[in-house]
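Trainee: Before I use this structure in my own work, I should like to understand the terms applied to it. May we go through the reasoning behind them?

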Amino acid sequence: MIGSVLLAALLYVTNERAGTIQVIDTTKDAVVATATIGNRPRGIAVAPDGKRLYVAMSWWRDGKRPRTGREGIVAIDTKTLKPIRQYEAGTDPECVALSPDGKRFYSSNEDAATASIIDIASGKTRTTVLTGIEPEGVVASPDGKWVYVTAETSNTITVIDAKTERVAANILVDPRPRSLVFSRDGKRAWSTAELGSSVLEIDVTKHKPVKRTKLVQPAKPVGIVLTPDAKRLYVATGRGNAVAVLDVASHKELARIPVGQRPWAIALTPDGKKLYAANSLSNSISVIDTGTNKVVKTIATGDGPWGLAVR
């Protein structure tokens, strides 16, 4: 059990190549628990009540590793880090997001080009929605009205009406969209485009892009988060080996913070004072003080840190 660190903000890390999940105490910025959960864990989300994690797990498709083990969304007890339930989704689930009320989750199924809508209590798939090609990022709006799913090969965002569970729109975006974040009021969203080297701002009321911000090179943006005051966006630049800081109002890049190799996911503490960047090729987490935009610590992880979630 994690025990004495339960009162601290905890950061959960999936290590794709190691097949593990790790827990970092954000007060000490130290790993306090590690558990092996199986093959290729990637996307991760924490339940609103903090009692469960939901992790997207799939078989390797690189031709080098056998297709064995779990493929689906696995619920994990946050106290023991033990899997307690597995949910079926489409083939090759990559990312997972929860509805604001914690009653459903949404998975992006990369090989199937679908998104699954799962009822958590019953474990049943409510709906399977066709998306663009190779769906990746999936996020539910804070008001619970919409689910956005990026598709990296078709360069689209599929908009799902959470009430009707049907596609409401498709948004054409820059090449290879990866991650998404909504504003707190659900009226705006931002999407990264890895090959477009850009961040696209979207008017959610119309499901239309309104502003494109090109990042300073080198940049292959992937993960993205919005600060609690909604004034800044932090963007992991992937192969750019840094985190970019964007001003929301001016759409300008304010700073570039060097981190480890190929930062993928990023996450903020609830108070917005610390940012964590998962460096997938350095096997580390960079801890950034958002007051100074400086790396204050580097935490060693398992092999291939991929997903991050904070509670």
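Mentor: The following exchange sets values against definitions.

Mentor: Please bear in mind that this is a predicted model. The protein has 28 strands and zero helices.

Trainee: What makes the protein as compact as a globular protein of that length?

Mentor: The globule rule gives 19 Å for 311 residues, and the radius of gyration of the protein is 18 Å; the two values are close, so the protein is as compact as a globular protein of that length. Its C-alpha atoms fill a box of roughly 45 × 45 × 40 Å along the principal axes. Buried residues account for 58% of the 311 residues.

Trainee: Why is the pair of Y54 and F105 called tilted?

Mentor: Ring centres must lie within 6.5 Å to pair, and planes under 30 degrees apart count as stacked, over 60 as edge-to-face and the rest as tilted. The centres of Y54 and F105 are 5.8 Å apart and their planes stand at 40°, so the pair is tilted.

Trainee: How do you know that this pair links distant parts of the chain?

Mentor: Y54 belongs to strand 5 (residues 52–57) and F105 to strand 9 (residues 104–109), and the two are 51 residues apart. Both Y54 and F105 are buried. Together with Y87, they form one aromatic cluster.

Trainee: What makes the pair of Y148 and F182 tilted?

Mentor: An angle that is neither under 30 degrees nor over 60 counts as tilted. For Y148 and F182 the planes are 55° apart, with 5.0 Å centre to centre, and the pair is accordingly tilted. Y148 lies in strand 13 and F182 in strand 16, 34 residues apart.

Conventions:
Residues are numbered from 1 along each chain as its sequence is written. This is a predicted model: local features need pLDDT of at least 70, side-chain atom pairs count only at pLDDT 80 or more; totals for chains, interfaces and linings use all residues. Side-chain values use heavy atoms; hydrogens and water are left out. Helices (H or I, at least four residues) and strands (E, at least two) are DSSP runs, numbered from the N terminus. The radius of gyration is taken over C-alpha atoms; the globule rule is 2.2 Å times the number of residues to the power 0.38. Buried means under 20% relative accessible area, exposed over 50%, partly exposed in between (1.4 Å probe, protein chains only). Rings of Phe, Tyr and Trp (its six-membered ring) pair if their centres lie within 6.5 Å; planes under 30 degrees apart count as stacked, over 60 as edge-to-face and the rest as tilted.
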